[in-house]
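Me: Please take a close look at one helix contact here, starting with the residues that touch. Then carry on to whatever else is worth a look.

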Amino acid sequence: MDWPQPNSPPPVNWDALDALILDFARSDRLVACPPAAPAPASPSPPSSPSSSTTTVTSSAPSSSSSSSSSSYRSRLLIRCARRALELGDVDAALALLRAHAPAALADHRLLFYLHKQRFVELVRRGTEADRDAALDCLRTALAPCALDAYPEAYEEFKHIMLVLIYDKDDQSSPVVNEWSIKKRFELAGLLSSILRAHLEAYDPILSLTLRYLISIHKAFCKRQGISSPISDLTERLLFEDRDPPVVPQECLLEAPPFDEVDVQALAHAVELTRQGAVDSLKFAKGNLYQAFQNELCRMKLDLTLLDKLVHEYCVYRGIVEGSSHVLSGTADLKYKQNNDVNNETQLECEMTNSQNGHCSTSSITRDDSWSRRLHRVRNSTSGQRRRKRWRGRLDDLDYACDVLLDSSKRDSLSPTLDMDEDTMVEKQDLVVNFNLSDNIHMEDQKYEIILEMRDLTRKGMASKVVEEISSIDPDFFQQNPILLFQLKQVEFLKLVAAGDHVSALKVASTHLGPLAANNEALLKPLKETLVTLIQPNEDVLMNALSLPVLASSLQVAMSRRLGIEEPQLMKLVRTTIHTHTEWFKLQMCKDRFENFLKIDSLKEVDPSLGSRSMSKVFTDECGNGSSQITTCSSGKVPDEGSSPQVSSEVSCDENAILKVMEFLALPRADAIQLLMQYNGNAETVIQQIFQ
């Protein structure tokens with residue numbers, strides 16, 4: 001299988017990913033906004049999918065700061081309760097629940113589990129006082145809970161009492177599993193799932209989307225028998241084990257039957273058995289999308305690694321300021337440095353020239369041009385911040401738990417967890433401004449240049465971009481002639497839109513013609529560009545080119561030229577979006593959840609005809625082929641044509657597909673293949689299998 005290549009035009013709508021990233025960073029308090037920051041040009045970030053409605057609508061970012069704060073506090077509460085159970089401190093977990101989520105303790109099954117684990121932990125400590133406390137727990141808490149928790153609870157109560165006479169190190173005892181530390185983590189995961197659903201404190205959409213895309217990517221690679229080019233990253237980011245499933249309460253066991261379409265969609269989306277999907281729907285009271293969220297949140301992500309990937313992406317895309325602007329005490333990402341000694345030396349010389357006069361170096365003209373440009377950018381941005389600052393995740397859970405438990409300290413959560421972003425920035429101004437003027441890193445300055453060129457390209461200021469880049473690196477466009485053609489194409493179209501046909505033809509004859517003469521693949525885009533001369537002037541540029549795609553291509557090329565590697569998150573999203581498309585080609589259906597997780601937005605690149613032609617030329621120039629771009633750019637899987645091995649005329653009824661999937665517990669693609677062999681007759685397929 002051919003994977004999408006990093007040098008090709010982006011098959012992902014990076015603006016849509018920017019919105020998801022910004023939503024994630026804000027939801028988890030990872031960024032601090034500068035005072036009086038203008039509204040971002042990127043699309044508004046979607047809100048966290050915590051709504052319990054069954055219909056999926058695009059939530060406007062109008063959720064108040066109080067609701068956002070409440071969601072953050074709820075997720076912090078879940079993290080603290082989970083941490084307490086993993087450390088064996090059941091009393092602290094119970095105290096947190098009584099103080100902040102007392103309704104969750106109405107679940108007698110959960111309460112019984114907590115008291116049972118508390119009893120084990122008290123016995124584990126081994127002191128006489130703890131043993132007395134364990135016996136008191138048996139009499140006053142565990143025994144009463146066992147009577148009405150669930151039918152098997154009383155038998156489990158009698159069994160757990162055996163820990164009083166069997167040592168925790170006895171591997172042959174009948175309660176060796178009850179002594180296991182693993183029990184703590186299983187209970188912590190179960191409690192997290194229950195609290196998450198009870199408080200509707202779901203993770204931001206980005207976190208859910210990555211879980212889903214990675215799990216599909218792994219399933220696709222396994223089914224096709226191919227190796228993943230991002231396996232090292234996916235294995236570290238998404239763990240194999242999951243939190244235990246939540247058992248629905250007894251009152252929900254007689255829930256009305258669910259639509260089989262929903263059951264199968266959930267089962268195969270998150271790799272559940274049919275009964276597991278039914279139980280999940282019961283727990284969510286029939287809400288398919290809430291059940292889907294619950295199951296995704298059971299998948300465990302490495303948050304530390306995710307934060308680093310997000311930070312790296314944010315710096316690359318200009319969402320946050322560079323690494324020299326990370327607020328103290330936050331998670332930092334060590335970027336791979338470009339060992340360009342000449343550039344470093346030249347910058348140091350440039351910074352001291354104004355005071356000390358002359359500094360001799362052996363840098364070539366290009367390095368000197370870059371250095372002057374970097375120096376100019378440094379001066380122009382000093383004291384003027386257009387982006388947010390990264391402050392990282394709150395890692396002191398012990399302090400947060402103490403504050404949540406102590407009502408007298410509860411007000412201190414405000415400055416600690418919900419500190420006003422403007423206030424935070426003001427408190428750091430002296431330090432950061434000092435860094436901006438004297439100690440800013442070369443890497444950050446390179447980003448400033450690249451981002452400025454990208455922003456100018458997005459605005460359609462192609463002539464200025466060509467002029468600036470040519471002045472600082474005369475060889476750049478010799479190495480990237482396709483980008484030069486695209487930028488001159490933008491300049492031509494702007495002149496056509498303004499009615500200046502004479503200047504437009506001059507650009508075409510001076511630049512577009514010679515470039516096309518040296519590359520036959522550019523002749524077709526050149527002809528399509530010239531056709532705009534006879535079209536109406538209005539919207540010529542908008543209809544002919546996708547400026548965001550061009551801007552992203554320019555950013556990638558300039559970054560590569562300066563030795564800045566593409567963020568790992570971009571590679572991850574590009575590859576998993578590609579496999580998501582291929583996976584649902586095999587399923588021959590549309591993903592029920594792609595709108596809910598904004599995957600359809602990530603695929604909505606949809607460039608115009610001229611831009612698609614240029615994408616193909618650019619891709620062919622890199623030697624990657626064009627099939628990946630065409631496949632991944634469309635957000636409409638069913639419209640892309642049927643799978644190569646399946647005729648569009650196959651008469652596989654949807655009910656027949658569901659019947660085979662249900663009776664034989666098969667994936668959708670396998671059920672379709674069997675039906676094709678037996679003319680779409682589900683009864684015949686089932687009979688043949690059971691013969």
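Reply: Start with the side of α1 that carries W14, D15, L17, D18, I21 and F24: these meet L306, D307, V310, Y313, C314 and R317 in α14 (contact means heavy atoms within 4.5 Å). Sorted by class, that contact has eight nonpolar, no polar and four charged residues (Ala, Val, Leu, Ile, Met, Phe, Trp, Tyr, Cys and Pro count as nonpolar, Asp, Glu, Lys and Arg as charged, the others, Gly among them, as polar). Bear in mind that this is a predicted model, where local features need pLDDT of at least 70 and side-chain atom pairs 80 or more, while totals for chains, interfaces and linings use all residues. Numbering runs from 1 along each chain as its sequence is written, and side-chain values use heavy atoms, with hydrogens and water left out.

Now the geometry. α1 covers residues 14–27 and α14 covers 303–317, and they pack at about 130° with axes 11 Å apart (helices are DSSP runs of H or I, at least four residues, numbered from the N terminus; axes are lines fitted to C-alpha atoms over the stretch in contact, with angles from 0 to 180 degrees between N-to-C directions). The pair is therefore oblique, as opposed to roughly parallel (under 35 degrees), roughly antiparallel (over 145) or roughly perpendicular (65 to 115). The crossing of α1 past α14 is left-handed, so the near helix is turned anticlockwise from the far one by less than a right angle (clockwise would be right-handed).

For another pair, try α12 and α13 (residues 288–298), at about 110° with axes 8 Å apart. That makes α12 roughly perpendicular to α13, and α12 passes α13 in a right-handed crossing. Here S280, L281 and F283 of α12 meet L288, A291, N294 and E295 of α13, a mix of four nonpolar, two polar and one charged.

Just ahead of α12, in the loop that follows α11 (260–269) and leads to α12 (274–283), sits E271. E271 has a positive phi of about 55° without being a glycine. Most residues other than glycine have a negative phi. E271 is also exposed, at 52% relative accessible area (exposed is over 50%, buried under 20%, partly exposed in between, with a 1.4 Å probe and protein chains only).

M588 does likewise: its phi is positive at about 55°, and M588 is not a glycine either. You'll find M588 in the loop between α28 (568–587) and α29 (599–603), and at 31% it counts as partly exposed.

How values were computed. Helices (H or I, at least four residues) and strands (E, at least two) are DSSP runs, numbered from the N terminus.
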